[in-house]
Amino acid sequence: MRTDEKIRLFFPAMLSAYGPQGWWPAETPFEVVIGAILTQNTNWKNVEQAIANLKREGLLDAAALAAVADERLAEVIRPAGYYRLKAKRLKNFIRLLTDEFGGDLDALFALRTAALRERVLGVTGIGPETADSIVLYAAGRPVFVVDAYTARLFYRHGMIEGDATYEDIQSLIQGALADDVALFQECHALLVEVGKRHCKKRAAECGGCPLKKFLEEGQPVREMW
DNA sequence: TGCCAGGCCGGGT
DNA sequence: ACCCGGCATGGC
């Protein structure tokens, strides 16, 4: 089976197993941006605490974040880990927003998709995954988010080589799926869910992974779970 | 109790 | 152009 065919089959398979994920877990686009930066290599549970702290302190707001001192911000987001680093990264984004878009997220999001992605990617501390999370979940543009779970799943299922880059994987997926925001959002969220359950970093094998059964044993989707 | 989490940067080779 | 150490808390 061709890789793009497998990709097209993953989605309904995962969806039937776990149901719609309804990502991103946030109340506003601004909160999505903050969460995207805070969750870098970090458990979402930790990020939830940090965001709750930000809300309590009235800091989930561009003007408030622009005004707060780095050291105080760092303490507030401490549960998210790498807190001194992330305080700077949040401020870097806020600086872009404030200096070039009047602190208005909608003004930034008025850019065309490619320009928006490049602009966000230009912020120090925002790499491809964080930028694409912002573009897909906060701005609602059809850009696929590639994360560590996705890369690991695809690699272990022999769908990519070990040296595949972020852009390689992104192109592979976007070439296989229809250009659709809701589809990209659900599909990425589901890949993370499958990854959490069945494709952890040092897992000895892919034992129990439903996608393995599907790909290597030809088990019909309907009987996978 | 270690290992891991929805990465990314910067300096060294 | 790669390679690698650093960044850090909380959950299981």
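**Group meeting: chain A and its two DNA strands**

Let me begin at DNA strand C, around which we find Asn41, Thr42, Asn43, Lys45, Asn46, Arg78, Pro79, Gly81, Tyr82, Tyr83, Arg84 and Leu85 of chain A. Please keep in mind that this is a predicted model. Two elements, helix 3 (44-56) and helix 6 (83-101), each give two or more residues to the surface near DNA strand C. Helix 6 gives the most, with three residues. By character, the surface near DNA strand C divides into four nonpolar, five polar and three charged residues.

I turn now to the other strand. There are 28 residues around DNA strand B, and those that come nearest are Gln40, Gly127, Thr130, Ala148 and Arg202. Which helices supply this surface with at least two residues each? They are helix 9 (128-138), helix 10 (148-156) and helix 12. The largest share, four residues, comes from helix 9. The surface near DNA strand B divides into eleven nonpolar, eleven polar and six charged residues.

With the DNA surfaces described, let us consider the chain as a whole. Chain A contains 13 helices and zero strands. The radius of gyration of chain A is 18 Å, close to the 17 Å that the globule rule gives for 225 residues, so chain A is as compact as a globular protein of that length. Along its principal axes, the C-alpha trace spans about 55 × 35 × 30 Å. Buried residues account for 30% of the 225 residues in chain A. If we take the contacts between residues at least 6 apart in sequence, 61% of them join residues at least 24 apart.

Next, the domains. Chain A is divided into domain 1, which covers 3-22 + 145-223, and domain 2, which covers 29-138. The centres of domain 1 and domain 2, taken over C-alpha atoms, are separated by 27 Å. How many residues of each domain are in contact with the other? Seven residues of domain 1 are in contact with six residues of domain 2. On the domain 1 side, helix 12 (residues 181-198) gives the most, with three residues. That side of domain 1 divides into five nonpolar residues, one polar and one charged.

The interior deserves a few words as well. The largest nonpolar core has 55 residues, of which Val33, Ile37, Leu90, Phe93 and Ile134 touch the most other members. Several helices give two or more residues to this core, among them helix 1 (3-18), helix 2 (29-38) and helix 13 (210-217). The core draws at least three residues from each of domain 1 and domain 2. As for valine 33, leaving aside its neighbours within four places in sequence, this residue is in contact with Phe93, Ile134 and Ala138.

Finally, I should like to look at a single residue, leucine 105, which is found in helix 7 (residues 105-108). Why does leucine 105 count as partly exposed? Leucine 105 has 18 C-beta neighbours inside 10 Å, whereas a buried residue needs 20 or more and an exposed one has 12 or fewer. Not counting residues up to four places away in sequence, leucine 105 touches Pro29, Phe30 and Leu97. Glutamate 118 lies 13 residues from leucine 105 along the chain, and the C-alpha atoms of the two are separated by 15 Å.

Notes: Residues numbered from 1 in each chain as written. Chains lettered and ligands numbered in written order. Predicted model: local features only at pLDDT ≥ 70, side-chain atom pairs only at ≥ 80, totals over all residues. Domains from an automatic or database assignment. Contact = placed C-beta atoms within 7 Å. Nonpolar A, V, L, I, M, F, W, Y, C, P; charged D, E, K, R; others polar. Near = placed C-beta within 6 Å. Core = buried A, V, L, I, M, F, W, Y, C linked by C-beta atoms within 7 Å. Rg over C-alpha atoms; globule rule 2.2 N^0.38 Å.
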